[in-house]
Amino acid sequence: MRINAKGLHWTPVTLADGTKKIYWYAWRGGPRLSGEYGSPEFFAAFNAAVATKVPAPEGCLLALLQAYQLSQDFLSLRERTRADYVKQIAKIEQRFGDCPLKALADPRTRGIFLDWRDELALKSKRQADYAWTVLARVLSWAKDRGKITVNPCERGGRVYHGTRVDFVWSVDDEAAFLEHAPAHLHLPLLLALWTGQRQGPIILTSANARPWTEGGFRASWWLACKKAGIVGVTFNDLRGTAVTRLALVGCSEAEIATITGHSLRDVRSILDAHYLHRDVELARSAITKLEMGYAKQAGAKTGT
């Protein structure tokens, strides 16, 4: 049996028991297909899914959402980010897919979108903000290309105002991890602490000398932290910890951004609102610099 498999999408997954499997989807962001690849059940599921996918009518929000997912603005994102965006776009499609584009210029539309975000926030404030961010980005992309004239989601603020001040890896955490974690996880820790890199770059390998799968790395990291008695901090917190440590030894925001790959705005945000609270070492460093500067000025005036 033959099918036109244009757009067929697959992704590797690691199950809870460590088994590796391939999940097939009718298209990126589309429904998952049942049955083994190539089986009659698989073909039937594919054909049924494709039959439900119809082109979005012009002049509605669904058309913009679909066009955005074909743009370089979307395709240039990291694979994980694209997958996360697709989940949020599905929520937007379900609620506002048939929204006429001409309605975006109506001031009341912003209020409708904000009410929707408030509804999502009842379950998760972070996810509500994420959905809003994706919608705002799609509309910003559309506005830049002249497809719409107004982006009602501009400067929408956030619902979630949490902080990661207390989620920084301490020296004791680092020592405990290096003592109890498997040797092949030591380098990921040190690399993240010293450079602030994401999990994405394939420059490290697992115990069997193969590139990590996303699920495999997360599971191994979680088990290692549990064994070392480390709670409350994640691998992602290592990036912020690296930014904090670099700041504490006197690195400028530009220097930090060059090392970690953050934008200057992100570095400033991390230092300002998330990690670098009133650290006593930073305070001592500031006072030392003040004393040295004052002594230098005083010496210049007296000629000493």
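Which residue's side chain does a polar contact of 2.6 Å join to the side chain of His-262? That partner is Thr-260. Keep in mind that this is a predicted model, with a mean pLDDT of 82 for the protein chain. Here's a quick tour of His-262 and the helix that comes before its loop.

**His-262 and its surroundings**
- You'll find His-262 in the loop between helix 11 and helix 12 (264–274).
- Is His-262 buried or exposed? It counts as buried, because its relative accessibility is 12%, and the cut-off for buried is under 20%.
- Besides Thr-260, the His-262 side chain has a polar contact of 3.4 Å with the side chain of Arg-239.
- Setting aside neighbours within four places in sequence, His-262 is in contact with Gly-196, Arg-239, Val-243, Ala-257, Val-267 and Ile-270.

**Helix 11 and its end**
- Helix 11 covers residues 253–260, and its buried residues are Ile-256, Ala-257 and Thr-260.
- Looking down the axis of helix 11, those buried residues fall within an arc of 100°, so they line one face of the helix.
- That fits the usual geometry: an α-helix has 3.6 residues a turn, so residues three or four places apart point the same way.
- Right after helix 11 comes Gly-261, with a positive phi of about 90°.

**How far to trust the model**
- In the protein chain, 85% of residues reach a pLDDT of 70 or more.
- Among the chain's elements, helix 5 (residues 107–121) has the highest mean pLDDT, at 95, and helix 13 (residues 280–302) the lowest, at 70.
- Where pLDDT is low, don't read the predicted coordinates in detail.

Definitions and conventions
Residues numbered from 1 in each chain as written. Predicted model: local features only at pLDDT ≥ 70, side-chain atom pairs only at ≥ 80, totals over all residues. Heavy atoms only, no water. Buried < 20%, exposed > 50% of the residue type's maximum accessible area, 1.4 Å probe, protein only. Helix = DSSP H or I, 4+ residues; strand = E, 2+ residues; numbered from the N terminus. Arc of directions from axis to C-beta. pLDDT = per-residue confidence, 0-100. Polar contact = N/O pair within 3.5 Å; in protein donor to acceptor, adjacent residues only side chain to side chain. Contact = heavy atoms within 4.5 Å.
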